[in-house]
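Thank you all for making time this morning. I would like to walk through one structure with you, part by part, and I will take it slowly for those who have not met it before.

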Amino acid sequence: MSLSESDRQILAALQQDGAASLKDLAEKLNLSQSTLWRRVRDFEEAGVIAGRVTLLDPAKVGLSVCVFVHVNLRNHTTENRDAFERFTRDQPNILECFSVTGPHDYVLIVRAADVGAFEDFLMHRLLAQPSVASASSNVALRQLKYTTVLPI
């Protein structure tokens, strides 16, 4: 989908404040509400807008530990990869999973209440997966930047 300058402005405004009313956004963007509503609906139907969420502060909901986990698979068969990817989708504390280049097969971003909870996840769930050969992790000391806003 090719984005016009107006499309970019709409998407940028939605990223900044997804809870804003169409009326307020239309005024801010100097568009009619019906035009804005149609464009937003078009973005949703095209998959440009993948969903709408409320962002929570992880520490305030008891998930203050963030860990980057580097995973290596036992082998690279389709069945093994599929099994691992199914596992990651079923684990609510795995926020993101990336297939990557380099010495590891995947990088996970995992949230946990504390280091003990992460250790339990690592030892009893992740490393217990038959598809996983090894995992190493880095605990984040502090987060310097976090955004979900794409630079469109």
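Before anything else, one definition that we will need: two rings of Phe, Tyr or Trp, taking the six-membered ring for Trp, are said to pair if their centres lie within 6.5 Å, and the pair is called stacked if the planes are under 30 degrees apart, edge-to-face if they are over 60, and tilted otherwise. Please also keep in mind throughout that what you see is a predicted model.

With that in hand, let me go to the aromatic residues, where Phe84, Phe87 and Tyr106 form one aromatic cluster. A search of the whole structure finds three aromatic pairs. One of them joins Phe84 and Phe87, a tilted pair with 6.4 Å from centre to centre and 40° between the planes. These two residues are three apart in helix H4, and are therefore separated by about one helical turn. Phe84 counts as buried because its relative accessibility is 0%, and Phe87 is buried as well, with a relative accessible area of 8%. The rings of Phe84 and Tyr106 have their centres 4.7 Å apart and their planes at 45°, so this pair, too, is tilted. Since Phe84 lies in helix H4 and Tyr106 in strand S3, the pair ties together parts that are 22 residues apart in sequence. Phe84 and Tyr106 are both buried.

That brings us to the sheet. It is an open sheet of four strands in the order S2-S3-S1-S4, and the pairing is antiparallel. At its edges are strand S2, residues 94-99, and strand S4, residues 132-139, each of which pairs on one side only. From one strand to the next, the twist averages 20°. If we look inside the sheet, strand S1, which covers residues 65-73, pairs with S4 in the antiparallel sense over seven bridges, and as an example, Val69 has Ser137 in S4 as its bridge partner. Helix H4, residues 78-90, packs on the sheet and touches S1, S2, S4 and strand S3 (106-112), with a direction that makes about 20° with that of S3.

Where does Asn80 belong? Asn80 is found in helix H4, and it counts as buried because its relative accessibility is 11%. Leaving aside residues up to four places away in sequence, Asn80 touches Leu73, Arg74, Asn75, Pro130 and Ser131. Ser131 also lets us place Thr77, since the C-alpha atoms of Thr77 and Ser131 are 9.7 Å apart in space, although the two residues are 54 apart in sequence. Thr77 itself sits in the loop between S1 and H4, and with 36% relative accessibility it counts as partly exposed.

Finally, let us turn to another pair of helices. Helix H2, residues 22-29, and helix H3, residues 33-46, pack at an angle of about 105°, and their axes are 9 Å apart. H2 and H3 are therefore roughly perpendicular to each other, because angles of 65 to 115 degrees are counted that way. On the H2 side, the contact involves Leu22, Lys23, Leu25, Ala26 and Leu29, which meet Gln33, Leu36, Trp37 and Val40 in H3. Sorted by character, the residues of this contact between H2 and H3 are seven nonpolar, one polar and one charged.

Notes: Residues are numbered from 1 along each chain as its sequence is written. This is a predicted model: local features need pLDDT of at least 70, side-chain atom pairs count only at pLDDT 80 or more; totals for chains, interfaces and linings use all residues. Side-chain values use heavy atoms; hydrogens and water are left out. Two strands pair if DSSP finds at least two bridges between them. Axes are lines fitted to C-alpha atoms, for helices over the stretch in contact, and angles run from 0 to 180 degrees between N-to-C directions. Contact means heavy atoms within 4.5 Å. Angles under 35 degrees count as roughly parallel, over 145 as roughly antiparallel, 65 to 115 as roughly perpendicular and the rest as oblique. Ala, Val, Leu, Ile, Met, Phe, Trp, Tyr, Cys and Pro count as nonpolar, Asp, Glu, Lys and Arg as charged, and the others, Gly among them, as polar. Buried means under 20% relative accessible area, exposed over 50%, partly exposed in between (1.4 Å probe, protein chains only).
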